[in-house]
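Biologist: Please take a close look at one strand of this model and at what surrounds it. I should then like the account to be carried outward, one element at a time.

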Amino acid sequence: MKIFIFVKIISKILIMKNFVISFCSFLLIFLYGSFSIASARPEKREFRGAWIATVANIDWPSNVNASSEEKRAELIQILDSLRKCKINAVIFQIRPTADALYKSDIEPWSEWITGEQGRAPEPFFDPLQLVVEEAHKRCMEVHAWINPYRVTNFPNYKLAENHIYFKKPHLFKTYGGRIYFDPGLDETGDYLIRVLQDIVSRYDIDALHLDDYFYPYPSGGADFPDEETFQNNPRGFTSKADWRRDNVNRIVKRIQDSVKQIKPWVEFGVSPFGVWRNANKDPKGSATKAGVTNYDDLYADVILWADSGWVDYLAPQLYWELGKKVADYAVLAPWWQDNVKNSKLYFGLYASGLEVNKPKAWKTPNELVRQLRFNDECINNDGVIFYSTKYFLKNIQGLQDSLQTDYYRHHALPPQSLWGKKSEAHFPVNLQLDTMDCLSWDAVIADDGEAISYYVVYAFPDSLECDFDDPNYILEITPNTKIQLSDYPHLNNSIYCITVTAVNRFRKESDPYEFIVRTKRLMADK
């Protein structure tokens, strides 16, 4: 037979901010007045993201001519594989070229889903809705990735007849054979905000994400053709470069304000080019010699955005190896750490580089593992994002093996929102363990940002303390209100104290409320 001891600890005396102790621990503290602090351990709060690129079908769908069911199955398989690696967020590209990989009444369906811009999937399905539903089932966040100004990404691109380019051609400029929105026009900003508000309002996303394409990368030595726009509305600026930066600043602030007005728990993040500015142009810049920079060429003053609270996170794309002369990862990572003050900081890591990059460093296993080790030893960033998912999942040079056996062997929760400090994280109650070894609890009912994203189940060995900051003790992260403890054979080897917390949409975790002690299972019952 199975023997269980049910212990429910409800007293608020046993609930503390950073940890909760078992009844035995409480007695020991009472008798001895002190307890040990855990030694060094992995981070419990760590962003682990992967970019799923749809432009040019980089990651998905691999075949635009496949059936809708095949495309759905492929996307679900990607999410399953990422979940297995303990990735906790996907950055899914839904607007690569002023189009939509979601049902939109504003912009046409993307070419990258059906092979023809403006043509919906048939039989119909909504890729963004599918990702939201399936990722949340797997306790992964969904960051909806959009490109703000790009309309075409190669010459002679065929736009759908209902594209806004044909309705309002005055909003656009052609540069380097490609079409872009003109960032200097207020009407451009109004249109973009309308598109983004529609996404945030209708889809249960966790964040809105912009990448590094603001003003286009320089092409052929030519200047972006916005002189007339500048002359018509300089807004007091005499420098076109400062005016361009202000154009981008204004839209970034508008996006943050618009998102927070609709859903304060939805974050807004940007993944800029990896160099803000070279030190030879600005003493505040990095000791790099990058040919392009955010500030001088893309007119993206990303440090200002972080300082001003206009973004929830920055994820600079640090796609160079340790030791690279013109842009050394070992120089850039600390620089970003030192200069990003009022937002969370994730590093973009180049998983694709393990296969496509030619320098020796990328062929000598494993550059990304070296970068992760460098982060652990020298940096205090909040996590990383891998680009791109297709290459990440190939396990090139054993990257996934290293993650699963070392860096990501434990679950991790994404960092808490900077906006949700005052939100209430309600704890689950009525924790029960039945004779079939099923652990269950009541669902937490709450609204808006206090609604529950998932539950965290902890299993602490029979020891002196229950340390909730140590991810070693996270048994499972689940959207459900029950789990089968017999699915975790290691629990049979000892007595465990089991409890459950809840994490709300602001990523704030509740205190635990009740505990159950599960004894060793008898050999005859195994």
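**From one strand outward**

Modeller: In this predicted model, strand β15, residues 474-478, has five of its five residues buried, so the rest of the structure largely encloses it. Its pairing comes next. Strand β14, which spans residues 452-461, joins β15 in the antiparallel sense, and four bridges connect the two. One position can be followed in detail: Y458 has I474 of β15 as its bridge partner.

The strand also leads to an internal space. I477, which falls within the 474-478 range of β15, is one of the residues nearest the centre of the largest cavity, together with R83, N88, H411 and A412. In total, 13 residues line this cavity, and its volume is about 80 Å³. The structure contains one cavity of 30 Å³ or more. Although β15 is buried throughout, the cavity lining is mixed in character: seven of its residues are nonpolar, two are polar and four are charged.

R83, named above among the residues nearest the cavity centre, lies within the range of helix α2, residues 68-84, and this helix leads to a second enclosed strand. In strand β1, residues 47-52, six of the six residues are buried, so this strand too is largely enclosed by the rest of the structure. In a regular strand, side chains alternate between the two faces of the sheet. Here F47, G49 and W51 point one way from β1, while R48, A50 and I52 point the other way, and all of them are buried.

The pairing of β1 involves two further strands. With β11 it pairs in the parallel sense over four bridges, and G49 has I385 of β11 as its bridge partner. With strand β2, residues 89-95, β1 also runs parallel, again joined by four bridges, and I52 stands opposite F92 of β2. Between β1 and β2 the chain passes through helix α2, and the resulting β-α-β crossover is right-handed.

β11 in turn leads to an open space. This strand, residues 383-387, is one of three elements that each supply at least two residues to the lining of the largest pocket, the others being α13 (367-378) and α15 (399-407). The largest share, three residues, comes from α13. The pocket holds about 690 Å³ of space and is lined by 25 residues, with E43, R45, E46, N381 and D382 nearest its centre. Its lining comprises 11 charged, eight nonpolar and six polar residues.

The nonpolar packing completes the surroundings. The largest nonpolar core has 126 residues, and W336 and F386 touch the most other members. Helix α6, residues 186-202, gives the most to this core, with seven residues. A second, separate core of 19 residues includes W441, I483, L491 and V500. F386 ties this packing to the preceding paragraph, as its number falls within the 383-387 range of β11.

As a contrast to the enclosed strands, D223 may be considered last. This residue is located in the loop between β6 (207-210) and α7 (227-232). Its relative accessibility is 45%, so D223 counts as partly exposed. D223 and D511 are 288 residues apart along the chain, and 56 Å separates their C-alpha atoms.

Methods
Residues are numbered from 1 along each chain as its sequence is written. This is a predicted model: local features need pLDDT of at least 70, side-chain atom pairs count only at pLDDT 80 or more; totals for chains, interfaces and linings use all residues. Side-chain values use heavy atoms; hydrogens and water are left out. Buried means under 20% relative accessible area, exposed over 50%, partly exposed in between (1.4 Å probe, protein chains only). Two strands pair if DSSP finds at least two bridges between them. On a 1 Å grid over the protein atoms alone, a cavity is a set of points where a 1.4 Å probe fits but cannot get out, and a pocket is an open set with protein on both sides within 12 Å along at least five of seven lines; lining residues have an atom within 4 Å of a point. Grid points are joined across faces, edges and corners, and a volume is the space filled by probe spheres set on the points. Ala, Val, Leu, Ile, Met, Phe, Trp, Tyr, Cys and Pro count as nonpolar, Asp, Glu, Lys and Arg as charged, and the others, Gly among them, as polar. A nonpolar core is a set of buried Ala, Val, Leu, Ile, Met, Phe, Trp, Tyr and Cys residues joined through side-chain atoms within 4.5 Å. A crossover is right-handed if, with the strands pointing away from the viewer, the path from the first strand over the helix to the second runs clockwise.
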